[in-house]
Amino acid sequence: SLRMVVNCSEPVLARSHAEFKRRFADCGLRDSALQCSYAMAENVFAVTQSTGRGPRHVFAHRDHLSYGSQLEVSHDGNPRARDLMSSGKPVEGVRIRVVVGDRKPQPEGHVGEVAISGSSLFNEYLELPEVTGAARDGEWYYTSDVGFIREGELYVLGRKTDLIIVG
């Protein structure tokens, strides 16, 4: 009866995704039931969502996944390849982009900080104007998450900082 399970990990790990599918296959879990999303409280939850048969994968060369690098697609058998999973395309009303340095937007396939904009984006961190000012620039929120966009879908690799806003 379970129709969908959404993995909101940042990053979504292909190994964990595959293990979950294997573990619950005997229970009748369909491949299409396991989806991925990139979500955060600052956007009242969903930013992206995979659809259809499930999240896309790309094998990428590990040496080309650092901040500011251009993605280099590899293959499954390459020992330097990393299996990366998409968190899906932006949900309706949300835009995403990847930036580096002075927040300069990058083309698809470049690794940098994930920025989001949309109608559900928060206005400010309560009583933290300096933190808000560092994270917001006009309509864009700079998440401190690192990733890239490929074929319109977001791949999150990790975090730029360890800052967590509580409350």
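## The second largest pocket

In this predicted model, the second largest pocket has a lining of 17 residues, and those nearest its centre are Ala14, Arg15, Arg82, Asp83 and Leu84. Three elements each give two or more residues to this lining: α1 (14-25), β5 (81-85) and β12 (153-159). The largest share comes from β5, with five residues.

The volume of the second largest pocket is about 260 Å³. Sorted by class, its lining holds 11 nonpolar residues, five charged residues and one polar residue.

## Fold and order of elements

The chain contains two helices and 12 strands. Read from the N terminus, the order of the elements is β-α-β-β-β-β-β-β-β-β-α-β-β-β.

Contacts in the chain can be sorted by how far apart the partners lie in sequence. Taking those between residues at least 6 apart, 61% join residues that are at least 24 apart.

## Overall dimensions

What are the spans of the C-alpha trace along the principal axes of the chain? They come to about 50 × 40 × 25 Å. The radius of gyration of the chain is 17 Å, which agrees with the value near 15 Å for a compact globule of 167 residues.

## Surface and burial

The accessible surface of the chain is about 9500 Å², and carbon and sulfur atoms account for 50% of that surface. Of the 167 residues in the chain, 43% count as buried.

## Phe122, a residue in a loop

Phe122 sits in the loop between β9 (112-118) and α2 (129-135). Is Phe122 buried or exposed? Its relative accessibility is 13%, and because buried means under 20%, Phe122 counts as buried.

Which residues does Phe122 touch, leaving aside those up to four places away in sequence? They are Glu42, Arg136 and Tyr141.

Phe122 can also be placed relative to Ala18. The two residues are 104 residues apart in sequence, and their C-alpha atoms are 34 Å apart in space. Ala18 falls within the residue range of α1 (14-25), one of the elements that give two or more residues to the lining of the second largest pocket.

Notes:
Residues are numbered from 1 along each chain as its sequence is written. This is a predicted model: local features need pLDDT of at least 70, side-chain atom pairs count only at pLDDT 80 or more; totals for chains, interfaces and linings use all residues. Side-chain values use heavy atoms; hydrogens and water are left out. On a 1 Å grid over the protein atoms alone, a cavity is a set of points where a 1.4 Å probe fits but cannot get out, and a pocket is an open set with protein on both sides within 12 Å along at least five of seven lines; lining residues have an atom within 4 Å of a point. Grid points are joined across faces, edges and corners, and a volume is the space filled by probe spheres set on the points. Helices (H or I, at least four residues) and strands (E, at least two) are DSSP runs, numbered from the N terminus. Ala, Val, Leu, Ile, Met, Phe, Trp, Tyr, Cys and Pro count as nonpolar, Asp, Glu, Lys and Arg as charged, and the others, Gly among them, as polar. The radius of gyration is taken over C-alpha atoms; the globule rule is 2.2 Å times the number of residues to the power 0.38. Buried means under 20% relative accessible area, exposed over 50%, partly exposed in between (1.4 Å probe, protein chains only). Contact means heavy atoms within 4.5 Å. Accessible areas come from the Shrake-Rupley method with a 1.4 Å probe; for residues, only the protein chains shown count as cover.
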